[in-house]
Amino acid sequence: MRVPMIAGNWKMNTNHQEAVKLVKDLDAGLNERIPVDVVACPPFISLASVSEALTGSQIRVGAQNMYFEEKGAYTGEVSALMLKGLCQYVILGHSERRQYFLETDEIVSRKIKMALKYQLKPILCVGENLEQNEAGKTEEVVTRQIRRSLDGIETIETLIVAYEPIWAIGTGKAATGDLANRTISLIRSLLQQKYSAQAANAIRILYGGSVTAGNIGEFVSQSDIDGGLVGGASLKVSEFLSIIRTTAQLRGGV
Ligand code: PEP
């Protein structure tokens, strides 16, 4: 059985003090043991202090991105080698990276390889935009992204996938549980074809896109959806806690 996961992508929000306060408040609010993997992904500059503030906590830490080289003359970039020890997870291929920073599936694949080399667990994001969705191309787009992003990657034991339809991100217009489950089942079957049924069944696949305390239940009650990648709502402590608790109630019997 897959342990559900709720990951918060803080994006380019919170200064150093705000990040530490947010994660401390979150940790204090989670005073019971939760059968959900909870991950906070603050900006790079706060990774060290957030991770220190969470010493002994059940909350894990993730980065929002990384570069595909180990070190060298890449001004402004952060590598897996630098992240190792500061966090356990790294979000890769987020649609905002693809859209604003021109990341291709090939780049994402190189990043995944480098993350795995340094035992960071990648959270690979895929998803179609509105135009592709309306043209009925969701399956085609997601299939291409999964195949290319995982090109040359032999083991996916620690991989997490997040299906995030771009039209649902930050718009307040979430997908329906049923629609998200359909695409997520497709992703699982692609992983089964490329790897094995055992590997595909063990992988957590999350839904992301305007997840709130009000709609998380619709997603985690689906057969193939193992949790959420949460943007805006992860910045609000009580709402994020409520998302985690609902997930624990509906999927926590592990
Ligand atoms: C995200 O950033 O991955 C995301 C899903 O954002 P939001 O929850 O705000 O739509």
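**Pockets, ligand and cavity**

In this predicted model, the largest pocket comes out at a volume of about 480 Å³. Its lining runs to 16 residues, and the ones closest to the pocket centre are Lys 11, Met 12, Gln 64, Arg 97 and Phe 101. Helix H4, which covers residues 95–100, supplies the largest share of that lining, with 3 residues. Sorted by class, the lining of the largest pocket splits into 8 nonpolar, 5 polar and 3 charged residues.

The second largest pocket holds about 230 Å³ of space. It is lined by 19 residues, and closest to its centre sit Gly 170, Ser 210, Val 211, Gly 231 and Gly 232. Here the class count reads 5 nonpolar, 10 polar and 4 charged.

So much for the empty outlines; next comes the ligand. Which pocket does the ligand take up? The ligand fills the space of the second largest pocket, rather than that of the pocket with about 480 Å³. Around the ligand there are 14 residues, with Lys 11, Glu 164, Gly 170, Ser 210 and Gly 231 the closest. Several names recur at this point. Gly 170, Ser 210 and Gly 231 also turn up among the residues closest to the centre of the second largest pocket, while Lys 11 is listed among those closest to the centre of the largest pocket. The shell around the ligand divides into 4 nonpolar, 8 polar and 2 charged residues.

Three contacts give a more detailed view of how the ligand is held in place on paper. On the side-chain end, a polar atom of His 94 lies 2.9 Å from a ligand oxygen atom. The backbone joins in as well: a backbone N or O atom of Gly 170 is 2.6 Å from an oxygen atom of the ligand, and a polar backbone atom of Ser 210 is 2.8 Å from a ligand oxygen. On its own the ligand has 290 Å² of accessible area, and the protein covers 95% of it.

Apart from the pockets, a search of the whole structure turns up 1 cavity of 30 Å³ or more. That cavity has about 50 Å³ of space. Its lining consists of Gly 93, Ser 95, Arg 98, Cys 125, Val 126, Gly 127, Gln 145, Glu 164 and Ile 166. Two elements, H4 and strand E5 (121–126), each give two or more residues to this lining. By class, the cavity lining has 3 nonpolar, 4 polar and 2 charged residues. There are links back to the other sites: Glu 164, a lining residue of the cavity, is also one of the closest residues to the ligand, and H4 likewise contributes to the lining of the largest pocket.

Finally, a word on the backbone. Most residues other than glycine have a negative phi. Lys 11 has a positive phi of about 55° although it is not a glycine. This lysine sits in the loop between strand E1 (5–9) and helix H1 (16–29), and it is one of the residues closest to the ligand. Leu 102 also has a positive phi of about 55°, again without being a glycine. Its place is in the loop between H4 and helix H5 (105–117).

Definitions and conventions. Residues numbered from 1 in each chain as written. Predicted model: local features only at pLDDT ≥ 70, side-chain atom pairs only at ≥ 80, totals over all residues. Heavy atoms only, no water. 1 Å grid on protein atoms, 1.4 Å probe; cavity = no way out; pocket = protein on both sides within 12 Å on 5 of 7 lines; lining within 4 Å. Points joined across faces, edges and corners; volume = space filled by probe spheres on them. Helix = DSSP H or I, 4+ residues; strand = E, 2+ residues; numbered from the N terminus. Nonpolar A, V, L, I, M, F, W, Y, C, P; charged D, E, K, R; others polar. Near = heavy atom within 4 Å. Polar contact = N/O pair within 3.5 Å; in protein donor to acceptor, adjacent residues only side chain to side chain. Areas by Shrake-Rupley, 256 points an atom, 1.4 Å probe, with all protein chains shown as cover. Sits in = over half its atoms within 2 Å of the grid points.
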